[in-house]
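Thank you all for coming; please take a moment with the sequence and the structure before I begin.

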Amino acid sequence: MKIERLTENKIRIILKQDDFKDKSIDVKTIMTKPSISQNFFLELLKQAKKEIGFDTDGYKLLIEGFSSSNDTMVFTITKYTKKEDTKIKKRPLVRKKTSQFPTSDFATFIFNTFDDFCSFCSNLNISTYKLASSSLYLYNNKYYLVLKNINVQNKSLQKFYNHLSEFGILYSTNYIFENKLKEYGKCIIKTNAINKTIKYFA
């Protein structure tokens with residue numbers, strides 16, 4: 001299990017199947033049985049408070065979950081004050097995404113910081129150019145990795161996605177969103193974003 005602080009009020013928790021060895025639950029149980037997942041989340045919050053001082057007492061929580069594969073689960077937990085809560089009262093307390101990584105040849109992933117993107121790239125092989133063409137955009141203080149012409153037949157693709165899930169989250173598989181990034185965002189690296197980051201930053 002990996003717990004990391006994204007902001008003062010937001011953390012990310014990455015769970016592998018091995019993290020469930022001492023519990024009678026797994027990723028599927030977390031996604032389908034709220035009564036069991038509630039107790040499990042309480043355990044996670046206790047651990048987060050112990051490890052990084054993330055105290056949620058007296059706060060409203062937004063828990064977003066994403067299943068990146070059969071053995072990896074990524075949770076983003078945000079805490080809100082009462083004033084902030086009025087701005088999100090129409091949003092669900094828990095939002096779960098059960099979809100796997102895309103099987104199409106296009107996808108956009110979001111990273112909270114450029115450092116997160118560099119960390120993702122740092123452990124990749126330069127040969128990732130064989131997997132997809134890539135561009136990096138800055139939009140609303142977040143970094144968006146656009147992958148096009150994804151080689152869905154490549155045997156390393158699932159491993160690539162699993163590694164990606166530790167640092168970023170699938171945002172869209174719609175080509176239209178790329179047009180929005182081009183119009184309103186700032187292009188940081190136009191082509192070969194992953195390979196250039198490996199070469200110059202990672």
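**A sheet, a crossing helix and aromatic pairs**

I will start from one bridge: F109 has L170 in strand β9 as its bridge partner. That bridge belongs to the pairing of strand β6, residues 106–111, with β9, which runs in the antiparallel sense over three bridges. Please keep in mind throughout that this is a predicted model.

Let me widen the view to the sheet itself, which is open and is formed by five strands in the order β9-β6-β8-β7-β10, with antiparallel pairing. The edges are taken by β9, residues 169–172, and β10, residues 186–189, and because each of these has a single partner strand, one side of each is left without a neighbour in the sheet. From one strand to the next, the twist averages 35°.

For the chain as a whole, there are seven helices and ten strands, and buried residues make up 45% of the 202 residues. If we take the contacts with a separation of 6 or more, 71% of them are accounted for by residues 24 or more positions apart. The chain exposes about 11700 Å², of which carbon and sulfur atoms supply 48%.

Now to the edge strand β10, where I188 lies. With a relative accessible area of 34%, I188 is partly exposed. Its C-alpha atom is separated by 5.3 Å from that of Y137, although I188 and Y137 are 51 residues apart along the chain. Leaving aside residues up to four places away in sequence, I188 touches L136, Y137, L138 and Y143.

Which strands does helix α7 lie across? Helix α7, residues 193–200, lies across β7 (133–139), β8 (142–148) and β10, and runs at about 80° to β7. Within α7, the residues A193, I194, N195, T197 and I198 are buried, and the buried residues of this helix pack against α4 (114–122), β7, β8, α5 (157–164) and β10.

Helix α5 deserves a word of its own, since six of its eight residues are buried, so α5 is largely enclosed by the rest of the structure. The buried residues in question are L157, F160, Y161, N162, H163 and L164.

That brings me to the aromatic side chains, and the structure holds 13 aromatic pairs. In one of them, the rings of Y144 and Y171 have their centres 5.4 Å apart and their planes at 80°, so this pair is edge-to-face. Because Y144 lies in strand β8 and Y171 in strand β9, the pair ties together parts that are 27 residues apart in sequence. As for their surroundings, Y144 counts as buried at 4% relative accessibility, whereas Y171 is partly exposed, with a relative accessible area of 44%.

A further pair is made by F160 and Y161, whose ring centres are 5.8 Å apart and whose planes stand at 50°, so the pair is tilted; F160 and Y161 are both buried. Ring pairs also link F160 and Y161 into a cluster with F109, F111, F114, F117, F120 and Y143, and F109 is the residue whose bridge to L170 opened this talk.

I will finish with a lysine. K79 lies over the face of F54, at 4.8 Å from the ring centre, and the charged end of K79 also sits over the ring of Y59, 4.7 Å from its centre.

How values were computed
Residues are numbered from 1 along each chain as its sequence is written. This is a predicted model: local features need pLDDT of at least 70, side-chain atom pairs count only at pLDDT 80 or more; totals for chains, interfaces and linings use all residues. Side-chain values use heavy atoms; hydrogens and water are left out. Helices (H or I, at least four residues) and strands (E, at least two) are DSSP runs, numbered from the N terminus. Buried means under 20% relative accessible area, exposed over 50%, partly exposed in between (1.4 Å probe, protein chains only). Contact means heavy atoms within 4.5 Å. Accessible areas come from the Shrake-Rupley method with a 1.4 Å probe; for residues, only the protein chains shown count as cover. Two strands pair if DSSP finds at least two bridges between them. Axes are lines fitted to C-alpha atoms, for helices over the stretch in contact, and angles run from 0 to 180 degrees between N-to-C directions. Rings of Phe, Tyr and Trp (its six-membered ring) pair if their centres lie within 6.5 Å; planes under 30 degrees apart count as stacked, over 60 as edge-to-face and the rest as tilted. A charge sits over a ring if NZ of Lys or CZ of Arg is within 6 Å of the ring centre and within 35 degrees of the ring normal.
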